[in-house]
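Here are a few exercises to work through with the model open beside you. Try each task before you read its solution.

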Amino acid sequence: MFLYAEHLSPCAVAIGLGCLSGSLLRAFLNISVAKMSHHGNGSMLPTTHPPEHHHSTAAPGSGHDMMMMAMTFHFSYKNVPLLFSGLKINSPGEMAGAFVAVFFLAMFYEGLKIARECLLRKSQVSIRYNSMPVPGPNGTILMETHKTVGQQMLSFPHLLQTVLHVIQVVVSYFLMLIFMTYNGYLCIAVAAGAGTGYFFFSWKKAVVVDITEHCH
Amino acid sequence: MQMTFYFSDTAVLLFDFWSVHTPAGMALSVLVILLLSVLYEAVKMGKAVLLRRALLTLPRSLSRESLVEPEETDTNPPEGRWFQYHVAQTLFHVVQVVLGYMVMLAVMSYNAWIFLGAIVGSTLGYFVVYPLLGRG
């Protein structure tokens, strides 16, 4: 039981960290969007005025300002679109912010993947424990967990898994689209975030597998 | 920008300098993408093998150390070895992520030859490398 509790808490830590990075990203997005709207009230709907748009974003070196997609890798921090039309990177500072945000998003993605796996394993382990008839003094706990076994599809763990899965799919598509900008900095951020996240969260995987194999 | 599949000898893949104009160049590019795809599968499997080896270091340190005296003199303790495996796994993971995105971007050129190269590479890689997992 002690082992079990110990294996639960890093899961919570992973999720907590994930939430933290998620809120960080959200904060960044809010700030950036606010800055955008502050920058020029008229430019909130730039698509309707192509000439004005052209005038405002005449960046030297980045060439044409149409939404021309780059098709090869490049390192620039001028006029880089990031997922949403309101989010456009135009200065080194914004690129640094986007780098950090993307880094944390990639880390969050790794953490979420591991946390999901860990939650799934936990629910499986609890089900297996339940199927075992264990006569013990703490019969109330056994009864309680028995109830969760009965309802498979509408159980809370499965619902949680589904929600987490949706978040994971969305985040993974975001990361893919960010990589597809062909911007060198953002690509490095994605790769570095994935590496860091894997490094910090996947030791969990080893320990969890060890415990489950140890118990049976 | 091309948005549907087409068969052609010309394409620009990933970098400015990787622009293909000739059939020979396209064949070479397809071969490179194929190898990248094979490498992706190999790295994926290598990660799984590393994970298993990392797990094998753990129970031994728990069970054998307490019962039996260490018969072989190991240079580094199991904890250190586990950490080494973990670092190696992380590196493999980064390589896997980067390779995966590279292959995706190459496929996104919508050149059908490149696409076929990626698919064949993935198939070959999985077919060849997967049996190695059992051997560990």
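Helices (H or I, at least four residues) and strands (E, at least two) are taken as DSSP runs and numbered from the N terminus. What you're looking at is a predicted model, where local features need pLDDT of at least 70, side-chain atom pairs count only at pLDDT 80 or more, and totals for chains, interfaces and linings use all residues. Residues are numbered from 1 along each chain as its sequence is written, while chains are lettered from A and ligands numbered from 1 in the order in which they are written.

**Exercise 1. Lay out the secondary structure of both chains, then their burial and contacts.**

Step 1: start with chain B, which has 3 helices and 2 strands, in the order β-β-α-α-α along the sequence.

Step 2: go on to chain A, with 7 helices and 2 strands. From the N terminus, its elements read α-α-β-β-α-α-α-α-α.

Step 3: get the burial. A residue is buried if 20 or more other C-beta atoms lie within 10 Å of its own, exposed if 12 or fewer, and partly exposed in between, with C-beta atoms placed from the backbone. In chain A, 21% of the 216 residues count as buried; in chain B, buried residues make up 26% of 136.

Step 4: sort the contacts by sequence separation. Two residues are in contact if their C-beta atoms, placed from the backbone, lie within 7 Å. Take the contacts in chain A with a separation of 6 or more: residues 24 or more positions apart account for 74% of them. In chain B, 80% of the contacts between residues at least 6 apart join residues at least 24 apart.

**Exercise 2. Find the largest nonpolar core and say which elements build it.**

Step 1: a nonpolar core is a set of buried Ala, Val, Leu, Ile, Met, Phe, Trp, Tyr and Cys residues joined through C-beta atoms within 7 Å.

Step 2: the largest one has 33 residues, and A:Ala98, A:Val102, A:Leu105, A:Ala106, A:Leu186, A:Ala189 and A:Val190 touch the most other members.

Step 3: at least two residues each come from strand E1 (80-82), helix H3 (92-131), helix H5 (156-179) and H6 of chain A, and from H2 of chain B. H3(A) gives the largest share, 16 residues.

Step 4: apart from this core lies another, of 19 residues, including B:Val20, B:Val38, B:Val43 and B:Trp113.

**Exercise 3. Is A:Cys187 buried or exposed, and how does its helix pack against H5(A)?**

Step 1: A:Cys187 sits in helix H6 of chain A. It's buried, because 21 other C-beta atoms lie within 10 Å.

Step 2: check a partner far along the chain. A:Phe103 is 84 residues from A:Cys187 in sequence, yet their C-alpha atoms are 9.5 Å apart.

Step 3: axes are lines fitted to C-alpha atoms, for helices over the stretch in contact, and angles run from 0 to 180 degrees between N-to-C directions. Those of H5(A) and H6(A) come within 8 Å and cross at roughly 145°.

Step 4: here A:Leu175, A:Ile178 and A:Phe179 of H5(A) meet A:Leu186, A:Cys187 and A:Val190 of H6(A). That contact divides into 6 nonpolar, no polar and no charged residues. For these classes, Ala, Val, Leu, Ile, Met, Phe, Trp, Tyr, Cys and Pro count as nonpolar, Asp, Glu, Lys and Arg as charged, and the others, Gly among them, as polar.

Step 5: leaving aside neighbours within four places in sequence, A:Leu186 is in contact with A:Ala98, A:Val102, A:Ile178 and A:Thr181.

**Exercise 4. Describe how the two chains meet.**

Step 1: the contact takes 17 residues from chain A and 19 from chain B. On the chain B side, helix H1 (23-67) and H2 each supply at least two residues, with the largest share, 9 residues, from H2(B). That side divides into 14 nonpolar, 4 polar and 1 charged.

Step 2: zoom in on one helix pair. The axes of H6 (residues 184-201) of chain A and H2 (residues 78-107) of chain B come within 9 Å and cross at roughly 145°.

Step 3: name the residues. A:Ala191, A:Ala194, A:Gly195, A:Tyr198 and A:Phe199 in H6(A) meet B:Thr90, B:His93, B:Val94, B:Val97 and B:Val98 in H2(B). They divide into 7 nonpolar, 3 polar and no charged.
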